[in-house]
Structures are given as structure tokens and as C-alpha cells.
Amino acid sequence: MGSLPSQLDYTPMSHHMSILQEVTGESSVEGRLVRSYKRSFNGFAARLTESERERVAEMEGVVSVFPNMNYKLQTTASWDFLGLKEGNNTKRNLAVESDIIIGVFDTGIWPESQSFSDKGFGPPPKKWKGVCSGGKNFTCNNKLIGARDYTSEGARDLQGHGTHTASTAAGNAVENTSFYGIGNGTARGGVPASRMVAYKVCSETDCTAASLLSAFDDAIADGVDLISISLSGGQPQKYEKDPMAIGAFHANVKGILTVNAAGNSGPVPASIESVAPWILSVAASTTNRGFFTKVVLGNGKTLVGRSVNSFDLKGKKYPLVYGDVFNESLVQGKIVVSRFTTSEVAVASIRRDGYEHYASISSKPFSVLPPDDFDSLVAYINSTRSPQGSVLKTEAFFNQTAPTVASFSSRGPNIIAVDLLKPDVSAPGVEILAAYIPLISPSEEESDKRRVKYSVLSGTSMACPHVAGVAAYIKTFHPEWSPSVIKSAIMTTAWPMNANRTSFEPTDVLASTEFASGAGHVDPVAAINPGLVYELDKSDHIAFLCGLNYTSKTLQLIAGEAVTCSGKTLPRNLNYPSMSAKIYDSNSSFTVTFKRTVTNLGTPNSTYKSKIVLNRGAKLSVKVTPSVLSFKRVNEKQSFTVTVSGNNLNRKLPSSANLIWSDGTHNVRSVIVVYIGDYS
């Protein structure tokens, strides 16, 4: 914050942008600037890392830099964070939203949850051709319009996972929800007026390919508009051996987009499991809300850790015991401090963060401290005759730091199709509060007798239904859009994640790269008006597979019909919204080209100019031909070529850039990535 300069040619926003450019090293900082204050005082809100915040604070003319705080009632905030505000604060097309049907392939659903009540709903859309076959004591309604079970357990959710993901995508707005007062507010999905169908493909013991393919088969015939699948196979598979890819291919041909979790095998490089171009693959990232649990020591010092701790020790202090192996009889009535373990008989546990960076639930009071704070706690214990402490109840805090990709979120590169960037986008997947089941405890520990209607989970499983909700939101404004158009709109309007971020985890070298976040963080409101889109159809995907040297026999396994390849198309020339190429010789210079075609969905008589923004100090030369595209009418197509050249690529990090087509209103951004090696 500071005073307004008196120069006549000064404009606050341009000055704020130049500050951000200087401290971030990025030439394009639109995604960083949250708000510019320019009437009564001079300041701005921005997404910054701690090191960037420190650099701003040291700049001449800067009076103060402080974290953003929120003084309003806490809410279940992931959809607010994405820009889809509650009630009338977001543009909606409710009549069409009520006709959207989302199929969720998961562990089933808890039909009695308020998130799936049909109060205020009319009959199902006429296009619905499915059934309610949920088993004994399972009833559908005008919100949850159908259910199918492939496990012989019935469609009722016995694990909580499916209920959580379904309510995240399209659950009703339910007021005054929380986890024992933590995160209190209104729980809701992205498209609360839409309809839902539960396809139970996973039981408590297995989750088979046969069940998954059966669900695809039924869902396509039932008339769903979108499919959300928060499941992964564990290892990336060749497309002809990947049931997810095969089922999603057929859904795509029928105009149904499949949204899939990227996987939770991060931060290991090349661990991305959702790798087909006809699937929208979703990474998990943080939001502007976190759950924090304070540890108060006997000397008055307070340390701040992470957990979802509903227990309140009322400030009472207990003896602290440090070690990694305990005699349970010696820790009763005490608080255990350990790098790895917790104790069921201790009053509470304090653990060292193993680079998880998210809050989880336990059956006893506990907090997970950052390494430095944990070491400080151990030093206090070792230097104090009778060390004591207490663990407080969790509080939810809001901040305005830039979201980061979760350490557990699977990373690229794509080892099945090396010239196809995966994941596609990132979305909230850390500490998400959503509907749960009353059958099991939220900690899933047998000693925990608590039962809740709403609980907090983290994973790409939680990120996936956010993007399914975004896709459904787009479809309410554009029912005629194909899966590839919706996918393109989501990817090209996503805002870039922090390309200069330093990872929390020493081994997570890819955290700040597109191999973690794909095209970037989803922006639902921008995605309904993308300007230009990259369209794809079945023939394009067949040509892509032919370019991977698939035989007619192998192609038939995927397409389900006889297919003959005509000519050879390089996989990197698939008309995808992102561009990626693996380079095989790092010591010599290289030149690689990408061919793309865009369709104008903006306004007639529009002209788009290209702009290249290099990331992370990439030493690339990028040329776009032609550099200007002029459209006379809507739905007109124009083609262009991107030529990327360079030498001596970094073997540890991909080199990347952004291609931005702008007509002054729309900024259509495509990520360009070149890399060497497989990082595995």
C-alpha cells in the first residue's frame, strides 16, 4: 500500500502490473493480479509466494505488504474460490441446468443426504432413459434420478467417497454445514440445479474394469451429458489396454465428455495415469482456505500445524513425550511427539509433516507441524525439565496466496503418448468439505465413534468433480458444444499456476511446471466465453492413434469397429489445446513444429493477434505463422503453425511458453512444452 503518485501519465493498474512483472519475472501477470485499488488509495491484491512477497516489501515506495484476511462467515469455499458464487451472485441458466445429467462412476451414493434432496425439482428431463436400480431400501428422486450397481452390494455408498464426489460436482446448496463447526457455511456443487445418476463400480473389496466398462455402456444409453470418474488404475496403460480410455472413447463419440482424476501418485515424475486425449484429466491444487491447528507450549510459544481436529482440550496442558517408538503404557495421559507415529492411548499426537501439506482427520486430537516448527518443538522438549503443551481445535483461515498443485497429485510427462501434455488442468482438491455417509467414522479408524453428514477429504478425486461441475456449467450456456469444445474452453481460459514457485518438497522438481498443473487452474466464468476453440472429432483421434503406429487390429480394440489408417499424422499435430514435444537429443539444436486450427466462437469480424510468453527463463525461440488471424464470421476456422527451436535443454525441467491469441476481449492461451527424457 502507498500514496498515489502525482504524475499525469501514471495509471495505478499499469504500475501494479509492472511491480508484479518485476518481482515474478513473468511478462504476463494477468493471472496474478486479483484486484487493483486506484480511487482512494494506491494498492493491489495479488497471488504471491513468500519470497515474492518479501521482494515487494523491499521495493521503494511500498509502505506495507500483508496477507489478505477474510472477516466474513466461513463457507465451504471451493466454488466461491473458482468464481461460482452462491445464489444470484453468479450468472446461471437454471432452465437448462435442470436438464443437465451428470453420471458419477464411484462407490455409490447416500440417497438420503440433503445434498441430493429433490425439493423444488420437477420431473427428470425427457432425454433420460435410465433406471433406478439401487437395490434394497434405495430410492431415487427428481434430483438423484437414477442409480445402477455393478458390485452386488447395491448402489448405496458404504465408503463415503462417491457421496463426497457427487455432492462436489452437483450437490444442492445446504446451509449451515460444517465438520463439528470447522468450515461452517453452505455446502454445494457447481451446478446445484442439475440431475445426478450414481453408477456404483467400486465395492469395499474391488473396483473392476468390467464394472467400469459396463457403467460406460449403460451411461451412454441412459442419456447422461457428462461423466465424472474419480478413479485411476494405478499405472498408465496403453490405450488399447486401458478400460477407462476405451469407455471414454465411446462416450466421446456420442458427445459425452469424461472427466477423470489424474491420480494420487505424485510427486513422482511420469506418474500421471489419465493419459488419453479424449479424457479431461484433472490435477489437484489448493484453495484460499486452509485448516490449521495450533500447538501451545508451556513456555507460551504457539506453533501452527495442519489437521482437521474437532477435539478441544480447553487449553489444558499435558506432558510432552518425544520419540518414534513408544511403550503405550508410558504415554497415557500425555501428548506424543513423533516424526512418524501417533498413539491411540495418548491424549493427543503431534507429528512432523512429511511434505503432505494438507489437513487430515484423526480419532484423537493431533496436529502436523512443518519441519522447522517440529524441530523447534523437539528442542523445547529436550531443553525443558517438564515440557508441557496443548493441541487446540482446528480453525479455518482464508488467504490470498496463489494456489499450488498438491504434492500427491500425479505428475507428467505422459509416457503413453509422449507428445501429449497431461494433466490437462488443475482444480481444488485439498481439504474439500462435502457430503459424507453416517455408516463409518470420518477418520475411518475403528476407535472413532463419531458420525458426520459432511466431511473433509483431499485428493485428485476431489478435484475431478470440480471440473465436471465446471463442464456442466459451461454446457448450461452452450448445450450444443461438443466434448472437445468444452475441454478447449476450460483449458485455454485456465489461468497459469505459479511458474516460478519453489516446491515445498526437495524431490518435487516438477511442482512449478506444466507436468504438475497442465494448462493451469480452471476458471469457470471465463470458460463460457473462450473466443477461439480447438475442435476434435473421432477421425482426429483415430489419426492420432495411427500416428502412434497402432495397427488396424489394435485400433479396433479401442474404436470397436474396423479402422484403416490413411497416411501418417504426427501425434503432436493432434488439434489439442496444449502443445508438447519430447526432444531426444539435448546436446544439439532442435526445431519442432505444431499445426493447429482454431474455430471462432466469439464475435464476427474479429482479429486475433498472437503473443508468446516464455516461462521459467526458457531459452526458446517461438514463431507463429501467421501471427494474426482474422475472422469474418462465427464458426469460421483458421489454421496456423507454431515453430519452436532451441538447444541445450535442461534435463531436469521442461522448457515452456504460452501462446496467447488476443482480440482485446478474449485471451486464448495455449501451453507449449518441450522436454528431454522421461523423468522416471
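How many aromatic pairs does a search of the whole structure find? In this predicted model, the search finds 15 aromatic pairs. One of them joins Phe105 and Phe216, whose rings meet edge-to-face, with 5.1 Å from centre to centre and 75 degrees between the planes. This pair links distant parts of the chain, since Phe105 belongs to strand S3 (residues 101-106) while Phe216 belongs to helix H6 (residues 209-222), and the two are 111 residues apart. Both Phe105 and Phe216 are buried.

Aromatic rings also come together elsewhere, for Tyr239, Phe249, Trp278, Phe544 and Tyr550 form one aromatic cluster. A ring can have a charged partner as well: the charged end of Arg156 sits over the ring of Trp110, at 4.5 Å from its centre.

The backbone deserves a careful look too. Most peptide bonds are trans, and most residues other than glycine have a negative phi. Against that background, the peptide bond from Gly412 to Pro413 is cis, with omega near 5 degrees, and Lys422 and Pro423 are likewise joined by a cis peptide bond, with omega about 0 degrees. Pro413 is found in the loop between strand S19 (395-398) and strand S20 (425-428), and Pro423 also has its place in the loop between S19 and S20.

Positive phi values appear at Asn137, where phi is near 55 degrees, and at Ala270, where phi is about 60 degrees although the residue is not a glycine. Asn137 lies in the loop between strand S4 (132-133) and strand S5 (144-149), and it counts as exposed because its relative accessibility is 61%. Ala270 is placed in the loop between strand S10 (257-261) and strand S11 (279-285), and with 9% relative accessibility Ala270 counts as buried.

Note on methods. Residues numbered from 1 in each chain as written. Predicted model: local features only at pLDDT ≥ 70, side-chain atom pairs only at ≥ 80, totals over all residues. Heavy atoms only, no water. Phe/Tyr/Trp six-rings, centres within 6.5 Å; stacked < 30°, edge-to-face > 60°. Helix = DSSP H or I, 4+ residues; strand = E, 2+ residues; numbered from the N terminus. Buried < 20%, exposed > 50% of the residue type's maximum accessible area, 1.4 Å probe, protein only. Lys NZ or Arg CZ within 6 Å of the ring centre and 35° of its normal.
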